[in-house]
Amino acid sequence: MKGLALPWTSVGIALVAAAAMPFAGASLWLAFAVLVVWLASLWLASPEPEIVQVRPEEGSVSRQAMVALVEPFSVPVLMLDRQRIASANAAAREALGPHIVGQDARVALRHPEAITLLDKPEGTALVRGLTGARSIWQVSRVAIDERFSLIELVNRTAEADISRAHTDFVANASHELRTPLASIIGYVETLADPDARVDPATSAKFHATVLREAKRLQTLVEDLMSLSRIEAEKHEFPRERIDIGQMAQTIASEVGFTVGDERILPETETGVVCGDRQQLDQLIRNLIDNALKYGDAQAPVTVRVHRDAGDVVLEVADQGEGIHPDHLPYLTRRFYRSDPGRSRAAGGTGLGLAIVKHIVERHRGKLDIASTLGEGSTVTVRLPLAAPEAAPTAA
Ligand code: ADP
């Protein structure tokens with residue numbers, strides 16, 4: 001019901017006019033009737049009160065004050081006047097567009113779950129696809145009074161993505177662990193079965209397979225542990241001063257010793273970064289390992305380190321089949337392989353580049369993978385140069 005929110009100046013004019021009418025010759029009844037009609041029209045035209053009751057015991061807050069209060073909230077908030085969006089804070093205008101102010105909320109939010117919620121005075125609903133096909137919003141409605149209500153929208157998309165990635169990771173890791181385990185169990189059961197009568201040559205072959213699969217399991221578990229360690233430390237910037245040029249040179253010589261010196265061509269210059277020695281060692285080894293695994297077995301692998309515009313740049317380039325451009329954006333995902341058969345045959349876990357990516361991120365660097373089909377691939381890592389060491393002060 002309307003309160004007595006009359007425009008008192010107009011009421012005053014009506015009273016004066018009605019009082020003056022008898023002096024102008026009008027009858028008292030006519031003056032009274034004009035006054036009644038005038039006041040009634042003023043009452044009907046008067047705006048509804050803009051005062052909303054928040055809690056009876058806490059007094060009242062004007063609508064403008066409440067709009068101003070929610071404006072800086074990072075969570076989108078809408079104020080509804082019955083079903084019309086009377087105002088939307090900055091976060092809501094950004095998420096849903098400024099045009100929603102003045103619209104019917106059932107049109108602005110348009111999804112069936114939201115419409116069901118808007119039919120009730122209060123409640124919560126999960127609305128999918130509100131701001132993008134994969135988006136998930138938790139929409140809550142709180143009534144302020146019979147006329148006004150607040151709608152709060154909380155974006156749950158990132159949480160859902162993390163939860164999905166977690167589930168996928170556990171499923172993939174379990175699958176990767178189960179395959180070599182099943183193979184080990186199968187071969188050991190056959191070897192242990194007295195009825196199987198395995199001849200010595202076959203037995204030696206089975207033992208070799210068991211050993212290979214056990215080593216694959218070991219590598220997989222080591223890579224999983226590395227990944228979780230790097231992720232746990234990702235917000236701690238490492239402080240040790242490390243010369244990447246020298247480290248790459250040492251690793252290249254070591255690897256060259258096992259695969260043949262002519263396959264690894266180091267071209268390195270000094271470049272000191274602040275880093276984690278073990279992780280940078282792992283990064284360089286993973287990249288050289290991939291170049292050897294996937295590059296042409298006869299062609300050399302180049303390991304270059306140089307300084308460029310405040311960065312140390314490490315490049316590992318191979319010559320070989322290269323990688324199809326469709327695969328390039330996904331290579332750093334856990335367990336992603338562009339050629340699964342080849343990766344597994346070469347003892348790959350599908351985690352090498354994911355580990356590289358996390359190490360680069362922890363060192364605030366940049367990773368780039370470029371490849372041309374039929375020519376080969378170059379992986380480039382840029383890490384910020386360490387500030388020069390302060391000269392020791394004289395005692
Ligand atoms: P993996 O253990 O399988 O080598 P990585 O994470 O190191 O896993 O690499 C992911 C995939 O990227 C590999 O399976 C391979 O298909 C592809 N890849 C990585 N490096 C190269 C390269 N230098 N040349 C061609 N393909 C590569």
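Which residues come nearest to the ligand? Of the 18 residues around the ligand (near meaning a heavy atom within 4 Å), N290, Y294, S338, S343 and L353 come nearest. The model is predicted, and local features need pLDDT of at least 70, side-chain atom pairs count only at pLDDT 80 or more, and totals for chains, interfaces and linings use all residues. Residues are numbered from 1 along each chain as its sequence is written, and side-chain values use heavy atoms, with hydrogens and water left out.

**View 1. The shell around the ligand.** Six nonpolar, eight polar and four charged residues make up this shell. Helices α10 (277–294) and α12 (352–362) each contribute at least two residues to the shell (helices being DSSP runs of H or I, at least four residues). The largest share, three residues, is that of α10.

**View 2. Polar contacts of the ligand.** A polar contact here is a pair of N or O atoms within 3.5 Å. A nitrogen atom of the ligand lies 2.8 Å from a polar side-chain atom of D318. Oxygen atoms of the ligand meet the backbone: one is 2.8 Å from a backbone N or O atom of G350, and a polar backbone atom of L353 is 2.8 Å from an oxygen atom of the ligand. The protein buries 96% of the 530 Å² that the ligand exposes when taken alone (Shrake-Rupley method, 1.4 Å probe).

**View 3. The surroundings of S377.** S377 belongs to strand β14 (residues 376–384) (strands being DSSP runs of E, at least two residues). S377 is buried, at a relative accessible area of 7% (buried meaning under 20%, 1.4 Å probe, protein chains only). The side chains of S377 and S371 are joined by a polar contact of 2.9 Å; within protein, one atom must be able to donate a hydrogen and the other to accept it, and residues adjacent in sequence count only if both atoms are side-chain atoms.

Conventions:
Ala, Val, Leu, Ile, Met, Phe, Trp, Tyr, Cys and Pro count as nonpolar, Asp, Glu, Lys and Arg as charged, and the others, Gly among them, as polar. Buried means under 20% relative accessible area, exposed over 50%, partly exposed in between (1.4 Å probe, protein chains only).
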